[in-house]
Amino acid sequence: MKLSLIPLLFSALLVSDMVMADDLSMSIGDMLTDKDVMQAANACLLKHPKGANVFVENVYPMNHGMVGVVTADASGRRYDCNAELGSGKVRGSEPIVEPKGPLFVSVRQMPAPPQGECFSSSPLVIGRQLQGWLLSQTGKCGGVSWNGIAAGAKSQ
């Protein structure tokens, strides 16, 4: 009987990548002290569309020799950038779009109205049948925030 070691080796590599990513729970400051991460962060800052005061908002580990860098500027534009560790080569930089609302949340996901400091919930009813909740920003917070929506969601 002939056994192939390739599937076993491939499984071991996938597991080792997952373990490595889980072991890298470090702060942004800790991560930026690594010269390769700093090189990637600087490359992502250069990739951010020109604006005043471009800065790094977050850094997070990725698998396969990559790092994620969230850049932002004073206008509020945010980009999610992926760069290679070692070379700093940017593989992608995409805008992060935050929904301004209003948002609809189905009653199937949340039987009770979501509650948050920055938004209000209004029932959406069709023919006396509750369909869900229409969420609108209240203006109490400095920007768009939907914190609190996930707290009431049913798990699938």
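# Strands, a disulfide and a surface patch

Mentor: Strand β2 is mostly covered, for seven of its seven residues are buried. The model is predicted: local features need pLDDT of at least 70, side-chain atom pairs count only at pLDDT 80 or more, and totals for chains, interfaces and linings use all residues. Residues are numbered from 1 along each chain as its sequence is written, and side-chain values use heavy atoms, with hydrogens and water left out.

Trainee: What makes β2 a strand, and what makes a residue buried?

Mentor: A strand is a DSSP run of E with at least two residues, a helix is a run of H or I with at least four, and both are numbered from the N terminus. β2 spans residues 66-72. Buried means under 20% relative accessible area, exposed means over 50%, and partly exposed lies in between, with a 1.4 Å probe and protein chains only.

Trainee: Which residues of β2 point one way, and which the other?

Mentor: M66, G68, V70 and A72 point one way, while V67, V69 and T71 point the other way; all are buried.

Trainee: How do you know that β1 and β2 are paired?

Mentor: Two strands pair if DSSP finds at least two bridges between them. Six bridges join β1 to β2, so the requirement is met. The two strands run antiparallel, and V59 has V69 in β2 as its bridge partner.

Trainee: What is found between these two strands?

Mentor: Their hairpin has four residues between the strands, and there H64 takes a positive phi near 60°. H64 is a residue other than glycine.

Trainee: Why is H64 called buried, partly exposed or exposed?

Mentor: Its relative accessibility is 64%, so H64 counts as exposed. R128 also has a positive phi, near 65°, and is a residue other than glycine. R128 is placed in the loop between β6 (119-126) and β7 (129-137), and at 84% relative accessibility R128 counts as exposed.

Trainee: What makes β3 a partner of β2?

Mentor: Seven bridges link β2 with β3 (residues 78-84) in the antiparallel sense, and T71 stands opposite Y79 in β3. This hairpin has five residues between its strands, and G76 in the turn has a positive phi of about 100°.

Trainee: Which strand pairs with β3 over five bridges?

Mentor: Strand β4 (residues 90-95) does, again in the antiparallel sense. S93 in β4 is the bridge partner of C81. The hairpin of β3 and β4 has five residues between the strands, with G86 at a positive phi near 95°.

Trainee: How do you know that C81 is joined to C44 by a disulfide?

Mentor: A disulfide is counted when two cysteine sulfur atoms lie within 2.5 Å. For C44 and C81 the S to S distance is 2.0 Å, so the pair qualifies. The structure holds one disulfide.

Trainee: What does this disulfide tie together, and why is it given its handedness?

Mentor: C44 lies in helix α3 (residues 35-47) and C81 in strand β3, so the pair ties together parts that are 37 residues apart in sequence. The torsion about the S-S bond is about -75°, so the disulfide is left-handed. At 0% relative accessibility, C44 counts as buried, and C81 counts as buried at 0% too.

Trainee: Where is H48 found, and what does it touch?

Mentor: H48 is in the loop between α3 and β1. Contact means heavy atoms within 4.5 Å. Not counting residues up to four places away in sequence, H48 touches V54, T71, A72, D73, R77 and Y79. With a relative accessible area of 2%, H48 is buried.

Trainee: Which residues form the nonpolar patch on the surface, and what makes a patch?

Mentor: F104, L124 and L134 form it, with about 240 Å² of accessible area together. Accessible areas come from the Shrake-Rupley method with a 1.4 Å probe, and for residues only the protein chains shown count as cover. Patch residues have over 30% relative accessible area and no salt bridge; like charges are joined within 9 Å, and nonpolar side chains (Val, Leu, Ile, Met, Phe, Trp, Tyr) within 5 Å. A salt bridge is a side-chain nitrogen of Lys or Arg within 4 Å of a carboxyl oxygen of Asp or Glu.

Trainee: Why is F104 called buried, partly exposed or exposed?

Mentor: At 44% relative accessibility, F104 counts as partly exposed. F104 is placed in strand β5 (residues 103-106). Not counting residues up to four places away in sequence, F104 touches L124, Q131, G132, W133 and L134. F104 and W133 are 29 residues apart in sequence and 5.7 Å apart in space, C-alpha to C-alpha.
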